[in-house]
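Colleague: I have just opened this one and would like a walk through it. Could you take me through the parts and how they meet?

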Amino acid sequence: MIPRTLFSHEHEQFRESVRKFFEQEAVPFHAQWEKDGYIDRALWNKAGEAGMLCSHIPEEYGGMSADFLYSAVVIEEQARLGLTGVGFSLHSDIAAPYILHYGSEELKQRYLPKMVSGEVVTAIAMTEPGTGSDLQGVKTTALLDGDEYVINGSKTFITNGWQADMVIVVAKTDPKGGSKGISLFLVDADTPGFSKGKRLEKVGMKAQDTSELFFQDVRIPKSNLLGKEGMGFVYLMQELPQERLTVGVGAIASAEAAIKWTLDYTRERKAFGRSVADFQNTRFKLAEMTTEAQIGRVFVDRCLELHLKGKLDVPTAAMLKYWGTDLQCKVIDECVQLHGGYGYMWEYPIARAWADSRVQRIYAGTNEIMKEIISRAL
């Protein structure tokens, strides 16, 4: 197979520590978390102590000033173990950059150190009940009243929403301004008027707390505005390539894990007097899937390389997100088939991976939206 040359010795040492952390602190408990509908809150603090949260944040705010490959390591090791309930990447790689890049110094000092330590868990509230991929169509408003913004509206499908201590809220400061009327705000969970709805019962990713959020006359100071008023849509577009990169990184790692589980299973499982792996159909399917995963791995590593140089553009990130998640779902579905009836049993990791993977083609922008983005660049 084509060797990976992107990761240094230090990255691989970190990978080993991340793998051990997840194996000890998450794997034994994940099945119970799936029943509970959320992970143990203490895991966030333990992850913070282990340097696994917001590793890219500058040292002056408590981080390690590490490159994005450290985040990629966490995403890959989590995906390989099927730990879809753990919402670290959204917190570290999606929410934190908004504060680092657009927040005032006061906001950075207030939130970033606590995000690094796991003391503050974050979510980002974009999606609304009536507006999925259409961010310009959000109805939540944030209207200025003296020295405060007053937020009204609701959000849904919010990852980490139920456990979040602080939420980045996408709202309209000019309801008639279209994309130029969108702004971003930081809202603490204990702010009067802010409430969390029920944890949503999903087909997969059952251990990941996903909830509705409601804002009724929520008053926040003007200083909680991220960047400039009316620039929210621009900020979202600037940060979405990294979000889509994280999805692609996890997708390929998940596909690779599924192939490994299936290879192990088909070697052990007997049918018609021999192992399932001895049948030509099994061997050919495994050969096909391994080849496609290898292609995906090379593409992911090239995108990571471009991102480290600040050169990963929007269309390329969209390509990785759509193609990588399509491949993930294709591979895992084939792996379920090779498991036979056991592939449909929840106790087998391939069954949970099958249920968990489907949403990858929907969030972070549907794959149909990704194709629209790509086609506009042609």
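**Where two domains meet**

Modeller: Across the interface of domain 1 and domain 3, 3 salt bridges are found, a salt bridge being a side-chain nitrogen of Lys or Arg within 4 Å of a carboxyl oxygen of Asp or Glu. Please keep in mind that this is a predicted model, in which local features need pLDDT of at least 70 and side-chain atom pairs count only at pLDDT 80 or more, while totals for chains, interfaces and linings use all residues. Residues are numbered from 1 along each chain as its sequence is written, and side-chain values use heavy atoms, with hydrogens and water left out.

Colleague: Which residue forms a salt bridge with Glu76?

Modeller: That is Arg297, and the closest N and O atoms of the pair are 3.4 Å apart. Side chains of opposite charge can pair when their charged atoms come close.

Colleague: And how many residue pairs are in polar contact between domain 1 and domain 3?

Modeller: There are 8 such pairs, with both residues at pLDDT 80 or more. A polar contact is a pair of N or O atoms within 3.5 Å; within protein, one must be able to donate a hydrogen and the other to accept it, and residues adjacent in sequence count only if both atoms are side-chain atoms. On the side of domain 1 that touches domain 3, helix 4 (68-80) and helix 5 (88-102) each supply at least two residues, helices being DSSP runs of H or I with at least four residues, numbered from the N terminus.

Colleague: Where do the domains run?

Modeller: The domain assignment, which is an automatic or database one, gives domain 1 as 9-120, domain 2 as 123-229 and domain 3 as 233-377.

Colleague: What area is buried between domain 1 and domain 3?

Modeller: About 1700 Å², of which carbon and sulfur atoms give 65%; buried area is the accessible area (1.4 Å probe) that two parts lose on being put together, summed over both. In domain 1, Phe68, Tyr98 and Tyr102 lose the most area to domain 3, together 33% of what that side buries.

Colleague: Changing topic, how many salt bridges does the structure hold?

Modeller: It holds 26. One pair is Arg15 with Glu77, whose closest N and O atoms are 2.8 Å apart, and this pair links distant parts of the chain, with Arg15 in helix 1 (residues 9-25) and Glu77 in helix 4, 62 residues apart.

Colleague: What does UniProt list for residues 123-218?

Modeller: The unreviewed entry lists "domain: Acyl-CoA oxidase/dehydrogenase middle" there, though such annotations may be inferred rather than shown by experiment. In the model, that span is 0% helix and 51% strand, and its end C-alpha atoms lie 17 Å apart, where strands are DSSP runs of E with at least two residues.
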